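Please open the model in your viewer and keep a selection box at hand. We will go from stop to stop, choosing what to select and saying what is there.

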Amino acid sequence: MPERRGAAGSRPGTGARIARRGRAVALASAALVLTGGLAVVAVWGFGSGDTTGERPPGATRPSPTPPWDRSPESIAAVGDSITRGFDACSLLADCDRVSWVTGTDASVRSLAARLLDDAPQRRSWNFAVSGSLMADLPQQMERAARKRPDLVTVLAGANDACRPTVGQMTPVEDFRAGFRASLRTLRESRPKSHVYVSSVPNLKRLWSEGRDDPWAERVWGLGICQSMLRDPLSDGPAARERRQQVHERVLAYNSVLKEECGKMPRCRYDGGAVFRYRFTRTELSRWDWFHPSKAGQRKLAELAHRGITARHGEHPG
């Protein structure tokens, strides 16, 4: 029986195949033009028709994200007076034994106590310095890296917003540069270390919590965080605007912490857990109504422990 042919004398479907092949060649030509003469083209349907999806020879696999270490065996802390336990035990003094990271006070149950089962005091180090700004963090991070810790905690930024005036607050890009340099310092010296970053506390909420207390008004008048706490009972437009400016700067700082931490594979941000937490009066220092008390240090340790030990996808950051 004679073979059937189409109108042009070709076998059925041959014209469609030629058209498809022509379109593919045209696409390949376009790719060649767009890439300036360097083309890597995969045209499905040519050759054997085996489309296994395998990478061509020499192609590199994307690097997998390293797993988060939920059980570190050593911890170093960097930051400011909060991590030193300032004003938690006595007026105008650090109190390392109640630090939320490295403290030994049983009532606090620090991160070291919660995470390091064996000799936590010998495998945890506190390099935070009261009064530190973000610009001081790279130096602290350098000292921490020398200990080769599995985990480094970061809680810093409150002093960058707590300045004598709003105009003296650390600019956001300077804050970013300091934090970025800190992470780079650790990555270059100790690339396998993990970093847990706590958010900057909500300073406006702290003002709201203590503003009606006569003792808070007196002690704040000594010079604590004047950008936020000056004239705590004033409700005029200028005072409201000043406090809002500080609040917005803290929000910007926390955005920086989240963004820069997100660029580092072994870094985890707390997702704003410290910023969102409503510290009660018993969780604030009775000496200054600003720094965490022993109860507040315990809460910081609890929030961080929850974030550090969360499985992938469970942590708030």
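The tour below starts with the whole chain, walks across the sheet, and then visits some helices and two serines.

**The whole chain**

Keep in mind that you are looking at a predicted model. Colour the chain by secondary structure: there are eleven helices and five strands. If you colour by burial instead, 45% of the 317 residues count as buried. Contacts that reach far along the sequence are well represented: among those between residues at least 6 apart, 72% join residues at least 24 apart.

**The sheet as a unit**

Now select the five strands together. They form an open sheet, and reading across it gives the order E2-E1-E3-E4-E5, with parallel pairing. Which strands are at the edges? Strands E2 and E5 are, each pairing on one side only. As you step from one strand to the next, the twist averages 15 degrees.

**Strand E1 and its two partners**

Select residues 75–79, which make up E1; five of its five residues are buried. Show the side chains and look at each face in turn. Ile-75, Ala-77 and Gly-79 are on one side, Ala-76 and Val-78 are on the other, and all of them are buried.

Add residues 124–126, strand E2, to the selection. E2 pairs with E1 in the parallel sense over three bridges, and one place to look is Ala-76, whose bridge partner in E2 is Trp-125.

Next, bring in E3, residues 151–155. How many bridges link E1 and E3? There are five, again in the parallel sense. Two places help you follow this pairing: Ile-75 stands opposite Leu-151 of E3, and Val-78 stands opposite Val-154.

**On to E4 and E5**

Stay on Val-154 and look to E4, where its bridge partner is Val-197. E3 and E4 run parallel and are joined by four bridges.

Select E4 itself, residues 194–197. Are its residues buried or exposed? His-194 and Tyr-196 point one way, Val-195 and Val-197 point the other way, and all are buried.

Then move to E5, residues 267–269, which pairs with E4 in the parallel sense over three bridges. Centre the view on Val-195 to find its bridge partner in E5, Cys-267.

**Helices on the sheet**

Show the helices again, beginning with H3. H3 packs on the sheet, touching E1 and E3, and its direction makes about 165 degrees with that of E1. For another helix, select H11, residues 294–309, which lies across E3, E4 and E5 and runs at about 135 degrees to E4.

**H3 against H5**

Select residues 137–145 (H3) together with residues 172–189 (H5). The two helices pack at an angle of about 15 degrees, with axes 8 Å apart. Angles under 35 degrees count as roughly parallel, and H3 and H5 are therefore roughly parallel to each other. The crossing of H3 past H5 is right-handed.

Which residues make the contact? From H3, select Leu-137, Pro-138, Met-141, Glu-142 and Ala-145; from H5, select Gly-178, Ala-181, Ser-182, Thr-185, Leu-186 and Ser-189. Colour this set by residue class and you will find six nonpolar residues, four polar ones and one charged.

**Ser-198, just past E4**

Go back to the end of E4 and select Ser-198, in the loop between E4 and helix H6 (203–210). Is Ser-198 buried or exposed? Its relative accessible area is 4%, and buried means under 20%, so Ser-198 is buried.

What is around it? Setting aside neighbours within four places in sequence, Ser-198 is in contact with Trp-100, Val-154, Leu-155, Leu-257, Asp-270 and Val-274. Val-154 is a familiar name here, as the residue paired with Val-197.

**Ser-255, in H9**

For the last stop, select helix H9, residues 237–262, and pick out Ser-255 within it. Ser-255 is partly exposed, with a relative accessible area of 36%. Finally, draw a distance between the C-alpha atoms of Ser-255 and Val-172: the two residues are 83 apart along the chain, and these atoms are separated by 9.8 Å. Val-172 also takes you back to H5, which spans residues 172–189.

Conventions. Residues are numbered from 1 along each chain as its sequence is written. This is a predicted model: local features need pLDDT of at least 70, side-chain atom pairs count only at pLDDT 80 or more; totals for chains, interfaces and linings use all residues. Side-chain values use heavy atoms; hydrogens and water are left out. Axes are lines fitted to C-alpha atoms, for helices over the stretch in contact, and angles run from 0 to 180 degrees between N-to-C directions. Angles under 35 degrees count as roughly parallel, over 145 as roughly antiparallel, 65 to 115 as roughly perpendicular and the rest as oblique. A crossing is left-handed if the near helix is turned anticlockwise from the far one by less than a right angle, and right-handed if clockwise. Contact means heavy atoms within 4.5 Å. Ala, Val, Leu, Ile, Met, Phe, Trp, Tyr, Cys and Pro count as nonpolar, Asp, Glu, Lys and Arg as charged, and the others, Gly among them, as polar. Buried means under 20% relative accessible area, exposed over 50%, partly exposed in between (1.4 Å probe, protein chains only). Two strands pair if DSSP finds at least two bridges between them.
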